[in-house]
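Work through the exercises below with the structure in view. Each one sets a task and then gives a solution in steps.

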Amino acid sequence: MNIVVCIKQVPETTEVSVDPETNALVREGVDSIVNPVDENAIEAALLLREAHGGKVTVVTMGPPQAEEALRHALAMGADEGILLSDPASRGSDTLATSYTLARMVRKLGEVDLVLCGRQAIDGDTGQVGPGLAERLGAPQVTFAIELEVSDGKLRARRVLDDFFEVLEVSLPAVVTVVKQMNEPRRPSMRNLLKAKRAEITKWSLADLDADSTQTGFEGSPTQVIRVWPPAKRSGGRRLEGAPDEIAAEIAKVIRDVKLASG
Amino acid sequence: MDFSFNEDQIAILDAVKEFCDEELAPKAEQTDAAGCWPAENVSKLAELDLMGIPVSEEYGGLGMDFLTWAAVGEELSRSCTTTGAVYGAHLLAVFPIMHFGSEEQKQKYLAPLAKGGKIGAFGLTEPGAGSDAGAVSTKAVLDGDHYVLNGSKIFISNGGEAEVYVIIATSDPSRGARGLSAFIVERGTPGFEFGRDEKKMAFPSLPNRELIFADCRVPKENLLGRERAGFLVAMRTLGVGRIGMAIGAVGVARAALEAAVPYSRQREQFGKPISTFQAVQFMLADMATEVDAARLLTWRSAWLKDQGKPFEKEAAMAKLYASEVAMRVTTKAVQIFGGYGYTREFPVERYMREAKLFEIVEGTSEVQRMVIANHVIRELGR
């Protein structure tokens, strides 16, 4: 199986700050990691490769330092990492990103399966996977928690709010996965060192014959009007005393809140 | 002297730290309380390629240096002392085979040890021979294609769980230290049995077992190094082993310090966190300084070893100092925790019991002082 995993490099901390001028996330001084649920997608790809053979290619678009995210995927065991880094792709929203990623997948030729994490912890849109499926004209399965491939078909169990859904789709397909799907493996030291020395394939938009009206700022109709961090939660109140006194106090607090909110 | 870490070392240490914080530390209490071999942790170390760090890649190791091995050992020990001790004891079989083994021995024994598929142990200590290695009485008599071993070893770390043992026996008791030879003995060899597992003050999950040899026939090709060169094998192994024990001691001392600092900030007396009292601050300052000094002594000895320079004196200094630091620092940590420190609610009383091991194992503090004094008198006494 030829599997492509699309990953994103994101800032490590959940306490990101926003530049009030540009409305963009401030990345300086913040460590970068692979978007956590993308690691689950990599793990799923590695497990499928172990079961069915084939190749796992990991792709990302981002600034040159996004190479580190690909090295992490290689350390986990992926076969190849490809970085699309092009100044002209700056400002890409989910529409432009899914367009660019679709061009990357197409350039890779025969691909059986594209895996993505359900959403990134920075933008939190969850739109790139589905967008990619549309662009590729492939069936899509979102929020997958289990995957099974046989006879050119994929059976996936989706986690929805109140129920599971099992879908069967033909390959090639695009699947986004959830965190509960698996436990991403920890790279062994040997793989870690190997990945540090590995060649990362680098592409530019020109390599993709990309339509410049569909990439970067130009291809991104989304305009971020304002971004602001959620209000900090107040410290709360600490109750002390015997368990029954505390329970009574909690009950009173709940009653008061209910009364207040009518 | 330069022991700044290169990019590869930093990458490894970062990954090891993450592994320790996420997987070892959260269940260190359980690992200790279980009172049985930490099989899961040990197999994780193998999966992560941590069981053969200084072994060349040719034999399945990482091909890194002893400084890296030591720095990794500190992380393991400060997050799970038991796992750190297994890691340290394992090297006592890895090192002599790596250093003295023939090509065949390396292929057969070193490679699986380096990959962690097999665990190693080293057997020198006997009821009547510990500090005095020359008094080893386990006999090895050549009989055709085999050496026949008779005798017993005690306190052997990883004993029973390890598959590969490096055993020091005497092939000529009349010659004392010069009559010793080293052998590689596989678990399961007929005549090789395990006796009592010592009940110790601490480390209930680390086996320290008796090894019993009763007409145990060891193939001739398992002689490690030359015949009657066993004392050299033992001394070289203990030299490196001392670096391992020193780093284990640094690890437990650091664990105690890292427990004491947040506790002192959170514990209030007289309306203030106890960390605001100078009496506590001075204890923390001494603890931090001593841990640092112990680590630097230890790193220096590992660095000297990596440079191919003599390191025996420095390793003895590191082991002596670090183990005594571990005792002092863990005792102070218990003091900072006060009454709670004396209970099993908190890990510091365990650290204090564990620290004592390091002043005894692999050459007591007194033996280290003997070794250091011999060097110093030789170097400076003329």
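**Exercise 1. Two helices of chain A**

Task: Describe how helix H2 and helix H5 of chain A are placed relative to each other, and find which residues make their contact.

Solution. This is a predicted model, and every value is computed from it.

Step 1. Locate the helices: H2 covers residues 67-76 of chain A, and H5 covers residues 189-197 of chain A. Their axes come within 8 Å and cross at roughly 140 degrees.

Step 2. Classify the angle. Angles over 145 degrees count as roughly antiparallel and 65 to 115 as roughly perpendicular, with oblique left for the rest. H2(A) and H5(A) are therefore oblique to each other.

Step 3. Give the hand: H2(A) and H5(A) make a right-handed crossing.

Step 4. List the residues. H2(A) brings Arg71(A), Leu74(A) and Ala75(A) to the contact, while H5(A) brings Asn191(A), Leu192(A), Ala195(A) and Lys196(A). Sorted by class, the contact of H2(A) with H5(A) holds 4 nonpolar, 1 polar and 2 charged residues.

**Exercise 2. A peptide bond in chain A**

Task: State which kind of peptide bond joins Leu171(A) and Pro172(A), and where Pro172(A) is found.

Solution. Step 1. Omega is about 0 degrees, and the bond between Leu171(A) and Pro172(A) is cis.

Step 2. Pro172(A) lies in the loop that runs between strand E9 (164-170) and strand E10 (173-177) of chain A.

Step 3. Set this against the general rule: most peptide bonds are trans.

**Exercise 3. Helix H8 of chain B and its partner**

Task: Compare the span of H8(B) with the expected one, then describe its packing with H4(B).

Solution. Step 1. H8(B), residues 278-306, has 29 residues. From first C-alpha to last it reaches 41 Å, close to the 42 Å expected at 1.5 Å a residue.

Step 2. Look just past the helix: Gly308(B) has a positive phi of about 75 degrees.

Step 3. H4(B), residues 66-79, packs with H8(B) at an angle of about 150 degrees, and the axes are 8 Å apart. This angle makes H4(B) roughly antiparallel to H8(B).

Step 4. On H4(B), the contact is made by Phe66(B), Leu67(B) and Ala70(B); on H8(B), the residues include Trp299(B), Ala302(B) and Trp303(B). The classes are 6 nonpolar, 1 polar and 2 charged.

**Exercise 4. A second helix pair in chain B**

Task: Describe the arrangement of H7(B) and H9(B).

Solution. Step 1. H7(B) spans residues 230-266 and H9(B) spans residues 312-337; their axes come within 8 Å and cross at roughly 20 degrees.

Step 2. That angle makes H7(B) roughly parallel to H9(B), and the crossing is left-handed.

Step 3. The contact of H7(B) with H9(B) has 22 nonpolar, 4 polar and 3 charged residues.

**Exercise 5. Domains and chains**

Task: Give the domain bounds of chain B, then describe the contact of domain 2 with domain 3 and that of chain A with chain B.

Solution. Step 1. Chain B is divided into domain 1 (7-119), domain 2 (121-228) and domain 3 (232-380).

Step 2. The centres of domain 2 and domain 3 of chain B are separated by 30 Å. Their contact takes 12 residues from domain 2 and 12 residues from domain 3. On the domain 2 side, 10 are nonpolar, 2 polar and none charged.

Step 3. Between the chains, 8 residues of chain A and 10 residues of chain B make the contact. The chain A side has 4 nonpolar, 1 polar and 3 charged residues.

Key: Residues numbered from 1 in each chain as written. Chains lettered and ligands numbered in written order. Predicted model: local features only at pLDDT ≥ 70, side-chain atom pairs only at ≥ 80, totals over all residues. Contact = placed C-beta atoms within 7 Å. Nonpolar A, V, L, I, M, F, W, Y, C, P; charged D, E, K, R; others polar. Domains from an automatic or database assignment. Helix = DSSP H or I, 4+ residues; strand = E, 2+ residues; numbered from the N terminus. Expected span 1.5 Å × (residues − 1). Axes fitted to C-alpha atoms, helices over the stretch in contact; angles between N-to-C directions. Parallel < 35°, antiparallel > 145°, perpendicular 65-115°, else oblique. Left-handed = near helix turned anticlockwise from the far one by under 90°.
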